[in-house]
Amino acid sequence: MAKYRQVHTTFWDDGFVLDLTPEEKYFYLYLMTNGNTTQCGIYELPYRVIEMHTGYNRETVQKLLQRFVDYGKIIYNESTKEIMLSNWAKYNFINSPKVKKCIEKELLAVKHIPFVKSYVTSLEQLGYRIDTVSILLDDESEQKESELNNDKGSIPYPYPMHSPSIDLGEEEEQEQEEEQEEEREEEQEQKSSQSVSSQSDFARLIEFTNQNITPVLPTIAEHLGYILDDYKDVDLILAALQNAVFNNARNKIKYAEGTLINWRKELITTYQQLQAKEEREKNNKRQQSNKSSYQKPKGRTELVPEWFHNRKNSESSSTPAAESNSNTIDFEVERQKVLETLGKKESVSNG
């Protein structure tokens, strides 16, 4: 499978494309350029993969697929989840030995044989031919025809027929081969499930960055992919990005990387470990607040009126006043005493 798909510039001027809605143009480009596409234009594309790539729900995906089936641009097989782009060979076939070998391998891996026959027929109409696949299909058709003819013209034999004996060693080899094939299929299923989960994790990072940080350009998407490959846990990475948004960092992605580095130094490599750390910090803060709020109660205190404290001052202020009153001189009495004394003296002098 090639890493790049070419779209000719005349695509946008095509009469069919001009009549499409924006949603249909986007979906048509997706069918021609998504990561599952092959050189022969026949590839497996389950609904859930389309949903993950495009963001559409199941109902929208089915409606769009049916539209392009009605337009005659694709054929979709429900049982094998394979899709065939009808005009792919006409516009994308390259008549070179390397490309032909690649196409032969892809066609041999196709599960829905009618797709292969249709593709080979379209090549023959265009003047091309892939010999090995054609021979293989001819052999299969001849075998089926011979089986049907034998079934029609054969007369059942009334007596049992003994089949030739099979060597036990050959049976063991066949069993081992079957087991190996089953193991290979299981490995492929595991790899495919892992790739789908990693793609969904990457889609979550892209969605969060688009909504909260910045539009995701190819360079930013590549950078986020490196971060996901390094730290694995998408929830932990999202927590770091949320932290960068909360702190209004200037370069939020670099800020989140610094946060992830610090967490790794603290041996925090999963989101569960981060939650456990935050819970411990909350408990420590609660304990400290409880200690600071608790104080040992003091003994009973009696309320004393203010006049009680000022009683000594009032007593001391009243005592000098009394003394001053007792020590005051009555001038009138003293004057009378002086006059009496003077009158006595006058009478004595006249007598």
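**Exercise 1. Find the partner of Glu51, and place Arg58 on the scale from buried to exposed.**

The side chains of Glu51 and Arg58 form a salt bridge, with 2.3 Å from N to O. This comes from a predicted model. Now take the surface. Arg58 has a relative accessibility of 38%. Buried means under 20% and exposed means over 50%. Arg58 therefore counts as partly exposed. The pair is one of nine salt bridges in the structure.

**Exercise 2. Work out which helices the salt bridge of Arg264 and Asp230 ties together.**

Step one: check the pair. The side chains of Arg264 and Asp230 meet at 3.3 Å, N to O, in a salt bridge. Step two: locate each residue. Arg264 sits in helix α12, residues 252–265, while Asp230 sits in helix α10, residues 218–231, so the bridge links parts 34 residues apart in sequence. Step three: look at exposure. Arg264 has a relative accessible area of 35%, which makes this residue partly exposed. Asp230 is partly exposed too, at 40%.

**Exercise 3. Describe the salt bridge of Glu281 and Lys277, then name the network around this pair.**

Start with the distance. The side chains of Glu281 and Lys277 form a salt bridge at 3.8 Å, N to O. The cut-off is within 4 Å, so the pair qualifies. Next, the setting. Both residues belong to helix α13, residues 271–293. They stand four residues apart, about one turn of the helix. Through shared partners, salt bridges join Glu266, Lys277 and Glu281 into one network. Last, compare exposure. Glu281 is partly exposed, with a relative accessible area of 39%. Lys277 is at 18% relative accessibility and counts as buried.

**Exercise 4. Characterise the packing of helix α2 against helix α4.**

Two numbers are needed: packed helices are described by the angle between their axes and the distance between the axes. Helix α2 covers residues 22–33 and helix α4 covers residues 58–70. Their angle is about 80°, and their axes lie 11 Å apart. Angles of 65 to 115 degrees count as roughly perpendicular. So α2 is roughly perpendicular to α4.

Now list the contact. Helix α2 contributes Glu23, Glu24, Phe27, Tyr28 and Leu31. Helix α4 contributes Thr60, Val61, Leu64, Leu65, Arg67 and Phe68. Finally, sort these residues by type. Seven are nonpolar, one is polar and three are charged.

Conventions
Residues numbered from 1 in each chain as written. Predicted model: local features only at pLDDT ≥ 70, side-chain atom pairs only at ≥ 80, totals over all residues. Heavy atoms only, no water. Buried < 20%, exposed > 50% of the residue type's maximum accessible area, 1.4 Å probe, protein only. Helix = DSSP H or I, 4+ residues; strand = E, 2+ residues; numbered from the N terminus. Axes fitted to C-alpha atoms, helices over the stretch in contact; angles between N-to-C directions. Parallel < 35°, antiparallel > 145°, perpendicular 65-115°, else oblique. Contact = heavy atoms within 4.5 Å. Nonpolar A, V, L, I, M, F, W, Y, C, P; charged D, E, K, R; others polar.
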